[in-house]
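Visitor: Could you take me in for a close look at one part of this protein, and then show me what surrounds it? I'm new to this, so please go step by step.

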Amino acid sequence: MASERSRVLSGIQPSAGSFHLGNYLGAVRQWVSLQESYDTYYMLADLHAITVAQDPEALRTNTRLSAAQILAAGVDPERSVLFAQSHVPEHAELAWVMNCLTGFGEASRMTQFKDKAAKQGAEGTTVGLFTYPVLQVADILLYQPQQVPVGEDQRQHVELTRDLAERFNARYGETFVVPEAYILKETAKIYDLQEPTAKMSKSAASPKGLVNLMDEPKATAKKIRSAVTDTGSEIRFDRENKPGVSNLLNIYANLTGLTVQALEEKYQGKLYGALKTDLADVVVDFVTPFRDRTREYLDDPATLDKILAAGAEKAREVASPTLTAAYDKVGFLRPAR
């Protein structure tokens, strides 16, 4: 990869099995386009995944499944570095250094931690969940990226990364690049089919609202046709007053490249059923080859593991010197050779 290109890092937890449409349109699709212009590092965040209890075999299976789906989406292992976080021990090692620079109050104010802790209660909240934003800081800083592609809800984590990079640099001397957030397009935010005011998520109240890319195409089409719409019959984009129809138009536009305005004109005078029937076909036309490509990778686990091993080796070529520099600055004694 061309060294003069800016570097970006992003990751996804492999804890949920099948990606859903929100994962793809909100993040993974952008990963594919970013590799055209940047040196791209994409991480399967399995260390982050165990901040909640995981079945070990399921985690291994889902890690391979996540890798296969990323490759099926179009991430090219010859142009991008794809790796499992646990294969690069520098992540956990730098995280300890960053933990020792992070204030308790600073970590307590992280919005996602507060939200998750409130749901789980004190007894169900681990120290790992409390400190995972600091591990995320280490994930980023190891690769000295200029930009971090995130959704708006992750901006606070990039701000923590910037704060800790600046704090380390001020205390120990210039060591880390202070990265910028690369906020992914708002138009790619996909909502639950049954609760179109809530973001599409694995934690959805009903599985009917979630479009899993590895589901049977017929089941996916049924979910689209059963999607909640709104009062009235006019097909127009109005997030506040017509969240259901707006969500369907957004999905349609993102999968086809058509503008929302063009779709409004196409369905002028038509009923919701026409939109949902056509969108079901569009989604099936997308998920069918995606599932087929994913299964091809899963049917050859040895090759999949080789891709991840090669990615980890490339990742360590960058991460290891970064960690060594940080350790030197902190004052750790280098081991004798």
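Guide: Happy to! One term before we set off: a residue is called buried when its relative accessible area is under 20%, exposed when it is over 50%, and partly exposed in between. Also keep in mind that what you see is a predicted model.

Let's start at P89, which sits in the loop between β3 and α4. Its relative accessibility is 35%. That lies between the 20% and 50% cut-offs, so P89 counts as partly exposed. Now look for R316. Along the chain, P89 and R316 are 227 residues apart, yet in space their C-alphas are 8.6 Å from each other.

Step from the loop into helix α4, which covers residues 90–99. Its buried residues are E90, H91, L94, A95, V97 and M98. If you look down the axis of α4, these buried residues fall within an arc of 160°, so they line one face of the helix. What covers them? Among the elements doing that job are β2, α2 (46–49), β3 (80–84), α7 (127–141), α8 (155–172) and α13 (301–330).

Let's stay with α13 for a moment. The axes of α4 and α13 are 10 Å apart, and the helices pack at an angle of about 25°. An angle under 35 degrees counts as roughly parallel, so α4 is roughly parallel to α13. The crossing of α4 past α13 is left-handed. On the α4 side, E90, E93, L94 and V97 make the contacts; on the α13 side, they meet R316, A319, S320, L323, A326, Y327 and V330. You've run into R316 already: it's the residue whose C-alpha is 8.6 Å from that of P89.

Another of the elements covering α4 is α7. In the loop between α7 and β4 (147–150) you'll find Q144. Here's a detail to look for: the phi of Q144 is near 50°, a positive value in a residue that isn't glycine. Is Q144 buried or exposed? Its relative accessible area is 17%, which is under the 20% cut-off, so Q144 counts as buried.

Next, follow β2, which also helps to cover α4. To see how β2 is linked to its surroundings, let's turn to the aromatic rings. The whole structure has 11 aromatic pairs. One of them is W31 with Y42, a stacked pair with 4.4 Å between the ring centres and 5° between the planes. W31 belongs to helix α1 (residues 21–34) and Y42 to strand β2 (residues 39–44), so this pair ties together parts that are 11 residues apart in sequence. W31 and Y42 are both buried.

For a contrasting arrangement, look at Y252 and Y267. Their ring centres are 6.1 Å apart and their planes lie at 65°, so this pair is edge-to-face. Y252 is in helix α10 (residues 243–256), while Y267 is in the loop between α11 (260–266) and α12, so the pair ties together parts that are 15 residues apart in sequence. Y252 is buried, and Y267 is buried too.

The helices α1 and α10, which we've just passed through, also pack against each other. Their axes are 12 Å apart, at an angle of about 50°. That makes α1 oblique to α10. Their crossing is left-handed. The residues L21, L25 and R29 of α1 meet I251, N254 and L255 of α10.

Let's finish at α12. One spot to look for is a cluster in which ring pairs link Y24, F286 and F290. F290 has another role as well: together with R293, T294, Y297 and L298 of α12, it meets R64, L65, A68, Q69, L71, A72 and A73 of α3. Helix α3 (residues 56–73) packs with α12 at an angle of about 130°, with 8 Å between the axes. α3 and α12 are therefore oblique to each other. The crossing of α3 past α12 is right-handed.

And α12 (272–298) has one more neighbour to show you: it is among what covers the buried residues of α9.

Notes. Residues numbered from 1 in each chain as written. Predicted model: local features only at pLDDT ≥ 70, side-chain atom pairs only at ≥ 80, totals over all residues. Heavy atoms only, no water. Contact = heavy atoms within 4.5 Å. Helix = DSSP H or I, 4+ residues; strand = E, 2+ residues; numbered from the N terminus. Phe/Tyr/Trp six-rings, centres within 6.5 Å; stacked < 30°, edge-to-face > 60°. Buried < 20%, exposed > 50% of the residue type's maximum accessible area, 1.4 Å probe, protein only. Axes fitted to C-alpha atoms, helices over the stretch in contact; angles between N-to-C directions. Parallel < 35°, antiparallel > 145°, perpendicular 65-115°, else oblique. Left-handed = near helix turned anticlockwise from the far one by under 90°. Arc of directions from axis to C-beta.
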